[in-house]
Amino acid sequence: MKLRILLADDHEIVRRGLRALLEKREGWEVCGEAIDGRDAIEKALQLKPDVVIVDIGMPHLNGLDTTRQLLQHDPQFKVIVLTITDSDQVIREALDAGARGFVLKSDAARDLVSAVEALQNKRMFFTPRVNDLVLAGFLEKGHAISRSHAPTLPTLTAREREITQLLAEGNSSKEVACLLNLSTKTVETHRSNIMRKLSFHSIRDLVVYAIKNNLIQIELPPPPPKTPTGPTAV
Amino acid sequence: MANGGAGPLKNWTSMTVRILLVDDHPIVRQGLKTLLEGRSGWEVVGEAADGVEAVEKAKNLKPDVMVLDVTMPKMNGLEACRVLRLQAPQLEILFVTQHDSPQMMREALEAGARGYVVKSNAARDLLAAVEAVSEHRVFTVLNGRGTLGLH
């Protein structure tokens, strides 16, 4: 029986690369692809894959919240999170969300097959950095420490986190309402609650918060060149 | 800019468009490769993971087209493009990047690139983009709020 894998990444190019990598393995099959977190949840419930690979930085619903919601639906789902960063905070959140695997995108070509194999054999797979954290006693001391240093993210409900991400992505309240099948009034109420809870006064505060708490991920442009190359048209 | 009617850029011995892929993520390079190698007459001749390697491989492999990311370690794509513009003027450069920004696109074109597409739409735009730049035509596409220009 084939091992069935669901891929969730908003970039088709990345999904193609992952598929090419995974389907080289005999007995493995990519049974579906999702373009964002919501799509991933819908397809996971429909296709019941053995392993779900989610990109952390997806629009509408990010990979960490996707993982949480998948496991709320069914704790048997096995999720590998793909991320561009392995900061302490991201690692902590991936573990808290219930991911069983954690792979850096830059190392996916090297590590992803091993990660899927590990989950297939009912083991977990994490980058060496995560293992370092375990050895340092971070996980043994567990949630007491993680909560005391945690960002304020847990004070938001799951719905509030979803809305925070969508607003930070540039959606209006009306657009958020449409995406979530809610009334605009309901979204506005959630928005007010979020702003009040986090003591924010502007959408800019919300965007900064979303970036710091990995609800959205950004790639910074490269620095400008050190030496001018000549006259630059404006 | 048309090549005086000389036609698409091809290796005269094999009539193949030879493409060098440059991105720091092997998975992205793999995805680009599966897309490009589906086209008859196109060949991915090499890959590079940063700007320094890109410049070196361009010198050794002499590709016709380079598909180039912006954000990379050691030397970013814009810097690599500026260097290659001087060292390999025949090479056509197509940026495939996360940066859905008119400002970044402008910088890329000023650095000497012929094309600019956004990674989120690469599967849709890449083939047309490579075809255009291999024929010395400019090809630039941004998402929604950006500008759209096909020349």
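## Close-up views of a predicted two-chain model

**View 1. Ile80 faces a partner across two neighbouring strands.** In this predicted model, A:Ile80 stands opposite A:Gly101, a residue of β5(A). The strand β4 of chain A covers residues 79-83, and it is joined to β5(A) by 4 bridges. Follow the two strands along and you will find that they run parallel.

**View 2. The open sheet of chain A.** Now let us step back to the whole sheet. How many strands does the open sheet of chain A have, and in what order? It has 5 strands, in the order β2-β1-β3-β4-β5, and their pairing is parallel. At the edges sit β2 (28-34) and β5 (101-104) of chain A, each of which pairs on one side only. From one strand to the next, the twist averages 20°.

**View 3. A helix lies across the strands.** Look here for helix α2 of chain A, residues 37-47. Helix α2(A) lies across β1 (3-8), β2 and β3 (51-55) of chain A. Its direction makes an angle of about 135° with β2(A).

**View 4. Where chain B touches chain A.** In this view, 24 residues of chain B are in contact with 21 residues of chain A. Which helix of chain B gives the largest share of the side that touches chain A? That is α1(B), with 8 residues. At least two residues each are supplied by α1 (26-36), α3 (77-87), α4 (102-111) and α5 (122-134) of chain B. Sorted by character, the residues on this side of chain B are 10 nonpolar, 9 polar and 5 charged.

Notes:
Residues are numbered from 1 along each chain as its sequence is written. Chains are lettered from A and ligands numbered from 1 in the order in which they are written. This is a predicted model: local features need pLDDT of at least 70, side-chain atom pairs count only at pLDDT 80 or more; totals for chains, interfaces and linings use all residues. Two strands pair if DSSP finds at least two bridges between them. Axes are lines fitted to C-alpha atoms, for helices over the stretch in contact, and angles run from 0 to 180 degrees between N-to-C directions. Two residues are in contact if their C-beta atoms, placed from the backbone, lie within 7 Å. Ala, Val, Leu, Ile, Met, Phe, Trp, Tyr, Cys and Pro count as nonpolar, Asp, Glu, Lys and Arg as charged, and the others, Gly among them, as polar.
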